[in-house]
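Please open the structure in your viewer and keep the selection panel at hand. The tour below proceeds stop by stop, saying at each one what to select and what is there.

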Amino acid sequence: MSRSAKPLLQDDQVAKSKPARPRDPAQPRLPFDPMPERVEPCLALLKKVPPKGPDWLFEVKWDGYRLAIHIEPKRVKIITRGGHDWTHRFPKIAEAARKLGVGTAILDGEAVVLDKQGRSDFGALQRSLGGRGGKRTSTESVFMAFDLLYFDGHDLTRTELSVRRHLLEDFLDGAIGAIQLSEEVYGDGAVLLANACSTGLEGIIAKHRDQPYRSGRTGDWLKIKCVQSESFMVVGYEQSTVARSGIGSLLLAARKGHDWVYVGSVGTGFNAKDAEVLRSMLDKLKTRRPAVPLKGKNLVFAQPTLIAEIEFRGWTHDGSLRHASYKGLREVQDNAAVFDIKDMPIG
């Protein structure tokens, strides 16, 4: 049974979304706008503190896989952030989408696996999919919908967020199964962030109410995290004679334009079994030409293929991760999620 995901709604300072009016059943359903094959996602810009003022709405930051659900009269398609068709990996979500009773729609959101407290657990989601490269289908995952990009033949990307949210709330009114509404929460951003951190959430998302849906990292959406967590490319490992399976630490890189830049290493967060799997994968990717300019007699370089989710506490002055900890591997299809150094957090 799916758990209700409202961990930020436990405080008196936080209110549930305002009730929405039911959608007019006589609304024309003519295909005024052609349904796009794919909409490049709007991405959140990393900030250190939440924005202030009435122009911003807030949501929980979910820790999972960004997906878009395309609903048509005769098919449902689930597309990853990188544009891959993962309908077969999320059968429960696809089934729930078919039952929504709509002709055409594109939902933007995040697939997550929730713990008993309603918090998203990235490791649990990975396990439900069989790990990186796994072939399993995830039956435990829930799609947290936070935007509506196309509806009943109408392209909504040019309309402001407040209108899109209103339609989404009508559309998903009362949904509690494999597709749920990512609730808008009201209150001061700093209070909401503190509440999120105290309840073990990853952070919050702030979105400008009056902006259309613009692809890329425009600043219309902001992410403020309790603990930093991003995806980095594994470009090798440091050998050890005493550590698990001979891996002392993983060497990590971020994007820098079309190149890679070294951001440090991680030697915690993985156990002996994880290290054994990582060693096996990395040894198959060995190369004499490192992706980043590093030298060392105990370094083994690998082709930039494996993507690791890393939790960390910030950045050093020279651009390295502080107190990094390994969380798990992402799918190769999630290549688009690798951190770009130009997205380093600002004010």
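Does P54 count as buried or exposed? Select P54, bearing in mind throughout that this is a predicted model, and look for it in the loop between β1 (45-47) and β2. At 71% relative accessibility, P54 counts as exposed, because the cut-off for that class is over 50%. While P54 is still selected, add D188 and draw a distance between the two C-alpha atoms: they are separated by 9.4 Å, although the two residues lie 134 residues apart along the chain.

**The disulfide**

Next, select C197 and C226, which form a disulfide with their sulfur atoms 2.1 Å apart; a search of the whole structure finds 1 disulfide. The pair links distant parts of the chain, since C197 belongs to helix α4 (residues 189-198) while C226 sits in the loop between β10 (221-225) and β11 (228-239), 29 residues apart. If you set up the torsion about the S-S bond of C197 and C226, the value is about -95 degrees, so the disulfide is left-handed.

How exposed are the cysteines? C197 is partly exposed, with a relative accessible area of 35%, and C226 is likewise partly exposed, with a relative accessible area of 26%. Now select C42, which is buried, with a relative accessible area of 1%.

**The largest cavity**

Switch on a cavity display. A search of the whole structure finds 4 cavities of 30 Å³ or more, and the largest cavity has a volume of about 570 Å³. To find this cavity, select K61, R66, R81, E110 and K223, which lie nearest its centre among the 33 residues of the lining. Then colour the strands β2 (56-60), β3 (65-72), β9 (203-208), β10 and β11, which are the elements that give two or more residues to the lining of the largest cavity.

What classes of residue line the largest cavity? Colouring its lining by class gives 17 charged residues, 13 nonpolar residues and 3 polar residues.

**The second largest cavity and the hairpin beside it**

Move on to the second largest cavity, with a volume of about 100 Å³. Its lining consists of 13 residues, and the ones to select are V39, P41, L67, A68 and T80, which lie nearest the centre of this cavity. The elements that give two or more residues to this lining are β3 and β4 (75-80), and the largest share, 4 residues, comes from β3. By class, the lining of the second largest cavity divides into 7 nonpolar, 2 polar and 4 charged residues.

With β3 and β4 still coloured, follow the backbone from β3 to β4, which are joined by a hairpin through 2 residues. These two strands pair in the antiparallel sense over 6 bridges, and within that pairing L67 stands opposite T80 in β4. If you then colour by accessibility, β4 appears mostly covered, with 5 of its 6 residues buried.

**A side chain reaching back to the backbone**

Now select D115, in the loop between β5 (105-112) and α2 (122-128), and show its side chain together with the backbone of Q117 and R119. Which backbone atoms does the side chain of D115 reach? The side chain of D115 reaches the backbone nitrogen of Q117 at 2.9 Å, and it reaches the backbone nitrogen of R119 at 2.8 Å.

**The strands β11, β12 and β13**

For the last stop, select strand β12 (residues 247-256), of whose 10 residues 7 are buried, so the strand is largely enclosed by the rest of the structure. Add β11, which pairs with β12 in the antiparallel sense over 6 bridges; to see one position in this pairing, select M233, which stands opposite A253 in β12. Then add strand β13 (residues 259-266), which pairs with β12 in the antiparallel sense over 7 bridges, and select L251 together with S265, its bridge partner in β13. Finally, centre the view on G257 in the hairpin of β12 and β13, where 2 residues lie between the strands and G257 takes a positive phi near 65 degrees.

Key. Residues are numbered from 1 along each chain as its sequence is written. This is a predicted model: local features need pLDDT of at least 70, side-chain atom pairs count only at pLDDT 80 or more; totals for chains, interfaces and linings use all residues. Side-chain values use heavy atoms; hydrogens and water are left out. A disulfide is a pair of cysteine sulfur atoms within 2.5 Å. Buried means under 20% relative accessible area, exposed over 50%, partly exposed in between (1.4 Å probe, protein chains only). On a 1 Å grid over the protein atoms alone, a cavity is a set of points where a 1.4 Å probe fits but cannot get out, and a pocket is an open set with protein on both sides within 12 Å along at least five of seven lines; lining residues have an atom within 4 Å of a point. Grid points are joined across faces, edges and corners, and a volume is the space filled by probe spheres set on the points. Ala, Val, Leu, Ile, Met, Phe, Trp, Tyr, Cys and Pro count as nonpolar, Asp, Glu, Lys and Arg as charged, and the others, Gly among them, as polar. A polar contact is a pair of N or O atoms within 3.5 Å; within protein, one must be able to donate a hydrogen and the other to accept it, and residues adjacent in sequence count only if both atoms are side-chain atoms. Two strands pair if DSSP finds at least two bridges between them.
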